[in-house]
Amino acid sequence: MSNILVFSEQRDGKIKRVALEALGAARKCRAQETDQIVAVLIGENISAQTPVLSTGGADKIYLVENPQYSRYSSEGYGTVLSDIAKKEQASLILMGATAMGKDLGPKVAAKLNGPFAGDCIALKRQEDGTMTATRPMYGGKVIATVMSHSPMFQVATLRPNVFPVNDQNKSKEAVVEQYKVPPDFSGIKALVREVLSTAGSKVELTEADIIVSGGRGLKSPEHFALIEGLAEALGAAVGASRAAVDAGWKPHSYQVGLTGKTVSPSLYIACGISGAVQHLAGMSSSKYIVAINKDPNAPIFKIANYGIVGDLFEIVPLLTEEIKKMKDA
């Protein structure tokens, strides 16, 4: 038996979609049907979320509940996850390539002395148990295939919105085991004391199926109302280019790109964004890309599935109006 461990990231007591995507990837990576998919859920007052993981594909769930785990701790979470991985003799440990996963994954791999692959967009298990991962490198300029050197304790973070979620099996009941080892944070050098949340997009950017982004072509921050109107009509999240964020038009939490968030929605609409390399690195894996720009030579058109050359101040309101008409019909 070769168990696969899935770190089930939760936020405010709710399972993140990327955790369910990791369960789907884990099921496809099993060497044989008897391999178990083991989910690890860490936090406080989160036991109500175990059925979500069970119907999502987990065979076994480690529930790690403690007030000291109410806020993320790289060292604390890393110790728990590596200890459970040793206990289960996990061949593979999966988690989302979120801000938390990007921090936690390498730490767990280091603790287990195992291979690590980050921001993966495809995984394949070899006959000897090692994994082959496909991942973008050098700002998305290269799609590399990397191979692990060991069939044990392989750690991979998965790009959100790339891997499919398992079909819900409501009759499935995973075995839930309470992980009772008391946390010892006395030697931990950094702890999160407080989390300050700001009002942002109604839809989480990294998990959104549709994203509408605005760039320098909007000319001023008040014109983001056009982007927000189109996003509301589509039920989409709002994003921004680095130029728009650097200008102070939107907070950094809206930024899509190499120094912002990496997204992979089904539909990405870029309005007034020229397509700098760092921006393309954060959204080029979108399934469909629509670009609206008055410059026909803008780099964004090279990767766009559909391009509209024209004035966004005319095109975006027309699109919003037509979409509203379609929804009302």
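**A seven-stranded sheet and its helices**

Seven strands form an open sheet with parallel pairing, in the order β7-β11-β6-β1-β4-β5-β12. Strands are DSSP runs of E with at least two residues, helices are runs of H or I with at least four, and both are numbered from the N terminus; two strands pair if DSSP finds at least two bridges between them. Strands β7 (116-120) and β12 (175-178) each have a single partner strand, so one side of each is left without a neighbour in the sheet. On average, neighbouring strands are turned by 20 degrees against each other, direction ignored. The model is predicted, with local features needing pLDDT of at least 70 and side-chain atom pairs counting only at pLDDT 80 or more, while totals for chains, interfaces and linings use all residues. Residues are numbered from 1 along each chain as its sequence is written, and side-chain values use heavy atoms, leaving out hydrogens and water.

Within the sheet, β6 (residues 92-96) and β11 (residues 154-158) pair in the parallel sense over five bridges. Here methionine 95 stands opposite threonine 157 in β11.

What about the helices? Helix α3 (residues 74-88) has 15 residues, which should span 21 Å at 1.5 Å a residue, and its end C-alpha atoms are indeed 21 Å apart; the expected span is 1.5 Å times one less than the number of residues. Its buried residues (under 20% relative accessible area, 1.4 Å probe, protein chains only) include Tyr77, Leu81 and Ile84. The buried residues of α3 pack against β1, β4, β5 (60-65), β6 and α4, with contact meaning heavy atoms within 4.5 Å. Glutamine 89 follows α3 and has a positive phi, near 50 degrees.

Conventions
Axes fitted to C-alpha atoms, helices over the stretch in contact; angles between N-to-C directions. Buried < 20%, exposed > 50% of the residue type's maximum accessible area, 1.4 Å probe, protein only.
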